[in-house]
Amino acid sequence: QVQLVESGGGLVQAGGSLRLSCAASGSIYSTNTMGWYRQAPGKQRGLVATMTRGGRTNYADSVKGRFTISRDNTKNTVYLQMDSLKPEDTAVYYCNADGFMGYWGQGTQVTVSS
């Protein structure tokens, strides 16, 4: 089992920045890919960004150039730096380990006002 705890969400104006953190505990030695997904009201949960233990990244087109994922394997923590935020980035952001069939955090709300 892997436990994921997110922090760092909140309310920000358009153009602002937020940094999300996700601390992993438990059987973390078994995880490879960690990342972030988001779900807006009335929409399906979708990819934001992922990063493998070796550092390979994958971003949704909508966030490329604005969001940066990073990972500290010594602290078992993954981060999401979100810059130039837009109202359409408003969603609940979920930390994930090992894909949709893997492990999920409880989610953190990000609200971007126009």
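In this predicted model, the largest nonpolar core takes in 29 residues, and the ones with the most contacts inside it are W36, L80, M82 and Y93. Quite a list of strands feeds this core: β1 (2–7), β3, β4 (34–39), β5 (46–51), β7, β8, β9 and β11 (108–113) each give two or more residues. As background, nonpolar side chains in soluble globular proteins tend to be buried together.

Y93 is a handy place to look around from. Setting aside neighbours within four places in sequence, Y93 is in contact with E6, L20, W36, Y37, R38, V48, F67, L80, M82, G107, T108 and V110. Three of the residues named for the most contacts inside the core, W36, L80 and M82, thus turn up among the partners of Y93.

R38 is on that list too, and it sits in strand β4. R38 counts as buried because its relative accessible area is 15%, which falls under the 20% cut-off. Leaving out the residues within four places in sequence, R38 is in contact with Q44, R45, G46, V48, S62, V63, F67, E88, D89, A91, V92 and Y93. V48 and F67 therefore appear in the contact lists of both Y93 and R38. The C-alpha atoms of R38 and N96 are separated by 10 Å, with the two residues 58 apart along the chain.

The structure has one disulfide, made by C22 and C95, whose sulfur atoms are 2.0 Å apart. The link is left-handed, at -85° about the S-S bond. C22 belongs to strand β3 (residues 18–26) and C95 to strand β9, so the bond ties together parts that are 73 residues apart in sequence. Both ends are out of reach of the probe: C22 is buried with a relative accessible area of 0%, and C95 is likewise buried at 0%.

Then there is the empty space. Searching the whole structure turns up one cavity of 30 Å³ or more, with a volume of about 50 Å³. Its lining is made of I28, T31, M34, R53, R71, D72, N73, N76 and T77. By type, that lining splits into two nonpolar, four polar and three charged residues.

One of the lining residues, I28, is in the loop between β3 and β4. I28 is buried, with a relative accessible area of 17%. Not counting residues up to four places away in sequence, I28 touches V2, R53 and N76; R53 and N76 are also part of the cavity lining. The C-alpha atoms of I28 and Q3 are separated by 8.5 Å, and these residues are 25 apart along the chain.

N76, a partner of I28, brings in the backbone. Most residues other than glycine have a negative phi. N76 goes the other way, with a positive phi near 55°. N76 is in the loop between β7 (67–72) and β8 (77–82), and it is partly exposed at a relative accessible area of 25%. S84 also has a positive phi, near 50°, and is placed in the loop between β8 and β9 (91–97). S84 is partly exposed as well, with a relative accessible area of 42%.

Note on methods:
Residues numbered from 1 in each chain as written. Predicted model: local features only at pLDDT ≥ 70, side-chain atom pairs only at ≥ 80, totals over all residues. Heavy atoms only, no water. Helix = DSSP H or I, 4+ residues; strand = E, 2+ residues; numbered from the N terminus. Buried < 20%, exposed > 50% of the residue type's maximum accessible area, 1.4 Å probe, protein only. 1 Å grid on protein atoms, 1.4 Å probe; cavity = no way out; pocket = protein on both sides within 12 Å on 5 of 7 lines; lining within 4 Å. Points joined across faces, edges and corners; volume = space filled by probe spheres on them. Nonpolar A, V, L, I, M, F, W, Y, C, P; charged D, E, K, R; others polar. Disulfide = S-S within 2.5 Å. Core = buried A, V, L, I, M, F, W, Y, C linked by side-chain atoms within 4.5 Å. Contact = heavy atoms within 4.5 Å.
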